[in-house]
Amino acid sequence: MQDMIKSTCAHVCIPTGGIHPIVQRQFQKWGLTKTEGDIGLLLLKGLSLRAIAQTRGTSETTVRQQALILYKKASVEGRHQLAAYFLEDLLNPCQVPKFELS
């Protein structure tokens with residue numbers, strides 16, 4: 001089992017810092033502002049719009065608007081597609097990832 005995990009990890013090639021640098025790089029490619037990127041990270045972590053608003057000290061309506069702008073820039077329809085964008089290649093490591101690691 002340990003060998004299979006090591007083999008899978010070798011194919012996925014996640015850098016030592018985890019997936020965070022990959023996500024940040026993609027957010028930059030999409031042209032997200034710092035605030036939109038922060039919202040995106042919190043969405044990827046599974047926080048609700050209400051929880052994000054409370055964390056950021058803003059209204060839920062503001063966070064919803066920022067999330068909609070993020071989705072438009074990323075060409076996704078919602079948080080599920082946003083998460084799937086990054087997880088898709090990790091779940092099927094035999095294919096070439098759509099995002100670059102360098």
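What follows is a conversation about reading a predicted model of a helical protein.

Biologist: Let's start with the overall layout. How many helices and strands are there in the protein?

Modeller: There are 6 helices and 0 strands. Read from the N terminus, the order of elements is α-α-α-α-α-α. The chain has 102 residues, and 30% of them count as buried.

Biologist: Since this is a predicted model, I'd like to know about confidence. Which element has the lowest mean pLDDT, and which the highest?

Modeller: Begin with the whole protein: the mean pLDDT is 82, with 73% of residues at 70 or more. Then go element by element. Helix H1, residues 2–12, has the lowest mean, 45, while H5 has the highest, 98. Over residues 1–12 the pLDDT stays under 50, and the model has 5 contacts for that stretch beyond four places in sequence.

Biologist: Now the core. Which residues have the most contacts inside the largest nonpolar core?

Modeller: Those are Phe-27, Trp-30, Leu-43, Tyr-71, Leu-82 and Phe-86, in a core of 20 residues. At least two core residues come from each of helix H2 (20–29), helix H3 (34–44), helix H4 (49–56), helix H5 (60–74) and helix H6 (79–91). H5 gives the largest share, 5 residues.

Biologist: And what share of the contacts joins residues far along the chain, at least 24 apart?

Modeller: Count contacts between residues at least 6 apart in sequence, and 56% of them join residues at least 24 apart.

Biologist: How do I read a pair of packed helices?

Modeller: The general idea is that two packed helices are described by the angle between their axes and the distance between the axes. Take H3 and H6 here: their axes come within 10 Å and cross at roughly 85°. That falls in the range from 65 to 115 degrees, so H3 and H6 are roughly perpendicular to each other.

Biologist: Which residues make that contact?

Modeller: On the H3 side, Gly-40, Leu-43 and Leu-44; on the H6 side, Arg-79, Leu-82, Ala-83 and Phe-86. Sorted by class, the contact of H3 with H6 has 5 nonpolar, 1 polar and 1 charged residues.

Biologist: His-80 is in H6 too. Is His-80 buried or exposed?

Modeller: His-80 is exposed, as its relative accessible area is 68%, over the 50% cut-off. Its C-alpha atom is separated by 9.2 Å from that of Leu-43, a residue 37 places away along the chain.

Biologist: Let's stay with H3. How should I read burial along a helix?

Modeller: An α-helix has 3.6 residues a turn, so residues three or four places apart point the same way. In H3 the buried residues are Glu-36, Gly-37, Ile-39, Gly-40, Leu-41, Leu-42 and Leu-43. They pack against H2, H4, H5 and H6.

Biologist: Glu-36 catches my eye in that list. Why does Glu-36 count as buried?

Modeller: Because its relative accessibility is 8%, and the cut-off for buried is under 20%. Leaving out residues up to four places away in sequence, Glu-36 touches Gly-31, Gln-66, Ile-69, Leu-70 and Lys-73.

Biologist: Gln-66 is among those partners. What does the picture look like from its side?

Modeller: Gln-66 lies in helix H5 and is buried, with a relative accessible area of 19%. Beyond its neighbours within four places in sequence, Gln-66 is in contact with Thr-35, Glu-36 and Ile-39.

Biologist: And Leu-68, also in helix H5: how accessible is Leu-68?

Modeller: Leu-68 counts as partly exposed, at 46% relative accessibility. From Leu-68 to Gly-78 is 10 residues in sequence and 7.8 Å in space, C-alpha to C-alpha.

Biologist: Last topic, the backbone. What should I look for in phi?

Modeller: Most residues other than glycine have a negative phi. Ser-75 is not a glycine, yet its phi is positive, about 60°. Ser-75 sits in the loop between H5 and H6 and is exposed, with a relative accessible area of 66%.

Biologist: Which glycine follows H3, and what is its phi?

Modeller: That's Gly-46, with a positive phi near 95°.

Conventions. Residues numbered from 1 in each chain as written. Predicted model: local features only at pLDDT ≥ 70, side-chain atom pairs only at ≥ 80, totals over all residues. Heavy atoms only, no water. Core = buried A, V, L, I, M, F, W, Y, C linked by side-chain atoms within 4.5 Å. Buried < 20%, exposed > 50% of the residue type's maximum accessible area, 1.4 Å probe, protein only. Helix = DSSP H or I, 4+ residues; strand = E, 2+ residues; numbered from the N terminus. Axes fitted to C-alpha atoms, helices over the stretch in contact; angles between N-to-C directions. Parallel < 35°, antiparallel > 145°, perpendicular 65-115°, else oblique. Contact = heavy atoms within 4.5 Å. Nonpolar A, V, L, I, M, F, W, Y, C, P; charged D, E, K, R; others polar. pLDDT = per-residue confidence, 0-100.
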